[in-house]
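User: I'm new to reading protein models and could use a patient guide. Can we go through one together, feature by feature?

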Amino acid sequence: MFNINSDTLIAAALIILIVLFFTFLYFTGIDLPIFNWLSDLIYNIITPVLNLVHQFVESIQNFFNTLFSIDEVNQEIKDLKQKNSILERQILFLENINRENERLRRLLDFKEKVDYQMIGAEVIANSPSIWEKTITINRGSRDGLEKRMPVISYQGYLVGRIENTGLSSAQVRLITDHDFVVGGIIARTDSREIGLVKGSGRDDQPNIMDNIAWDADIESGDIILTSGLSNNFPAGLKIGEVANVETDNYGLSQKANINLLMHQITLEEVMVIKNFNHKNNIQNNELENEAEINDNEESENNDGNAESENI
Amino acid sequence: MKKYLLNISVLVFLLIFQLTIAMFFPALNLIPDFILIYVVIRAVIYGAKDAMIYGAVGGLLQDVFITSFIGLFTPVKTAVAFLAALLSGRFFPENLLIPPLAVFLATIVHELVYLMLKENYLFAANYLTLIKEIILPLAAFNALITFFVYLIYFFWGRRDLSGQA
């Protein structure tokens, strides 16, 4: 039916063999340094071009935006100047409060809250495939980025984690990706239930939080934060809001659809948390737990003594 | 050698366009696979050998921006290029609907094979929903782009052949 000559067949067989060899390496997970080097080379050659394209598009957009909205820009400058003066006053006020806060913390011997060292980055490219939810940012290993670092938006919403780094760029696997899993906790004073938030693989569908205890107190509207129980993400980053809850595993557990807060914004700029140290976090938590246990034991002993005294 | 370099440059350009298209059109839900379109058009015009080489190179480039050097796109794009090349030499160039049809079918095969090889989609995915909501619209979108690209290619070629400006 199909006339394919012998040359084509030999070439096709050769290509298939090479590709099968590559595929074998992929599935077995064998890491050959030469391939990593080649991959880095291609990545580092292409991403500067992406940076240039991004700058070019942005400058064109800015030019036309300014050109067609000069009156609005003038008005905005006026408004911003007003806001700026108000904010300056507020900063002075907050500086006083901050000093007072530090003084009181020292007095009460509170642990200092860790301020994560963060770095801002611009999104320069999206995913080349519909099935993989990734973005490329314009910061890389040169800026101190490493694999698995958490990425958040400027509003503090969890965006994803660093998957791969080049010299001046990095790939971020988004929270919507099918491969993405993060521990979540309900942010409510009377409910601190935990579960696993998994990406749906689609932008138009909510993420799923499963492995929630069957009797867990969770309802629509609850805000979900990162639990900090894994070593990949710090605790307290906003993930999303519970849309609805349903039973899972024949009633043995519950699962919830989570509307991601990340979808409320356009992802143009992100921040990478660089110095998140899980060990310190765990040590702090352990110390706090020990302190709580000691307190409880002391109070129990006191109660016991009081009871024995009463007897 | 010059031909290969030129074609690889085209593939790099298409990859960059594919990566940045969402910046130009933020409302775009579907990302057209320009590399696949290019490979399939080459397959139906020039045959299997040519298309499989560029299918593998295009797949490698795409994989670099997803996982590592070697991912799933390399074998999948090469296989799809081989299948598309079965149409090579079997239709008149004037038949403008064959390349879009080839790209339409190639997109469906490409996406389905990719999903089946992807470990976390293989058993978890609802294939009917994905076909209805993502794969078929994407295939139609790719086919539409192919129609216009092939139209330009066809008239450009005719103009050259006739020697008219």
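User: Let's start with the big picture. Into which domains is chain A divided?

Analyst: Before we begin, keep in mind that this is a predicted model. Chain A is split into domain 1 (8–64), domain 2 (69–108) and domain 3 (118–277). To see how such pieces are placed, you can look at their centres: the C-alpha centres of domain 1 and domain 2 of chain A are 46 Å apart.

User: And how many helices and strands does chain A have?

Analyst: Chain A contains four helices and twelve strands. Of its 311 residues, 29% count as buried. You can also ask how far apart along the chain the touching residues are. Among contacts in chain A with a separation of 6 or more, 56% are between residues 24 or more positions apart.

User: How do I read the way strands are arranged?

Analyst: The general idea first: strands of a sheet pair through backbone hydrogen bonds, and they do so either parallel or antiparallel. Now try following the strands from one partner to the next.

User: Okay, in which order do the strands of the barrel with β1 run?

Analyst: That closed barrel has six strands, in the order β1-β2-β5-β4-β3-β12 of chain A, and its pairing is antiparallel. From one strand to the next, the twist averages 45°. Helix α2 (residues 33–68) of chain A packs on this sheet, where it touches β1 (118–125) and β2 (134–137). The direction of that helix makes about 85° with that of β1(A).

User: How many bridges join β3 to β12 in chain A?

Analyst: Two bridges link β3 (residues 150–152) with β12 (residues 269–273), and these strands of chain A run antiparallel. If you want a spot to look at, A:I152 stands opposite A:M271 in β12(A).

User: Which strands make up the barrel that includes β6?

Analyst: Here six strands of chain A close up in the order β6-β7-β8-β11-β10-β9, with antiparallel pairing. The average twist from one strand to the next is 40°. Let's walk around parts of that barrel:

- β6(A) pairs with β7 (residues 194–198) of chain A in the antiparallel sense over five bridges, and A:V182 faces A:V197 in β7(A).
- β8 (residues 207–213) and β11 (residues 253–260) of chain A also pair in the antiparallel sense over five bridges; the bridge partner of A:I208 in β11(A) is A:N257.
- β9(A) is joined by three bridges to β10 (residues 238–248) of chain A, running antiparallel, with A:I223 opposite A:E241 in β10(A).
- β6 (residues 181–186) and β9 (residues 223–226) of chain A pair in the antiparallel sense over three bridges. In β9(A), A:I224 stands opposite A:I186, while A:T226 is the bridge partner of A:G184.

User: Why is β6(A) described as largely enclosed by the rest of the structure?

Analyst: Five of the six residues of β6(A) are buried, so the strand is largely enclosed by the rest of the structure.

User: Now the core. Which residues touch the most other members of the largest nonpolar core?

Analyst: In that core of 93 residues, they are A:V159, B:V40 and B:A84. Helix α2 (residues 34–46) of chain B supplies the largest share, ten residues. At least three residues also come from each of domain 1 (8–64) and domain 3 (118–277) of chain A. Leaving aside neighbours within four places in sequence, the contacts of B:A84 are B:V40, B:A43, B:V44, B:A51, B:A102 and B:A106.

User: Is B:I41 buried or exposed?

Analyst: B:I41, found in helix α2 of chain B, is buried because it has 21 C-beta neighbours inside 10 Å, and the cut-off for buried is 20 or more. Beyond residues up to four places away in sequence, B:I41 touches B:P99, B:T146, B:V149 and B:Y150. B:T146 is 105 residues from B:I41 along the chain, yet their C-alpha atoms are separated by 8.0 Å.

User: Last one: how many residues does each chain bring to the contact between chain A and chain B?

Analyst: In general, the size of an interface is often given as the accessible area lost when the parts come together. Here we'll count residues instead: 37 come from chain A and 39 from chain B. On the chain A side, the elements giving two or more residues are α1 (6–28), α2 and β2. The most come from α2(A), with twelve residues. By class, that side of chain A has 22 nonpolar, 13 polar and two charged residues.

Conventions
Residues are numbered from 1 along each chain as its sequence is written. Chains are lettered from A and ligands numbered from 1 in the order in which they are written. This is a predicted model: local features need pLDDT of at least 70, side-chain atom pairs count only at pLDDT 80 or more; totals for chains, interfaces and linings use all residues. Domain bounds come from an automatic or database domain assignment. Two strands pair if DSSP finds at least two bridges between them. Axes are lines fitted to C-alpha atoms, for helices over the stretch in contact, and angles run from 0 to 180 degrees between N-to-C directions. Two residues are in contact if their C-beta atoms, placed from the backbone, lie within 7 Å. A nonpolar core is a set of buried Ala, Val, Leu, Ile, Met, Phe, Trp, Tyr and Cys residues joined through C-beta atoms within 7 Å. A residue is buried if 20 or more other C-beta atoms lie within 10 Å of its own, exposed if 12 or fewer, and partly exposed in between; C-beta atoms are placed from the backbone. Ala, Val, Leu, Ile, Met, Phe, Trp, Tyr, Cys and Pro count as nonpolar, Asp, Glu, Lys and Arg as charged, and the others, Gly among them, as polar.
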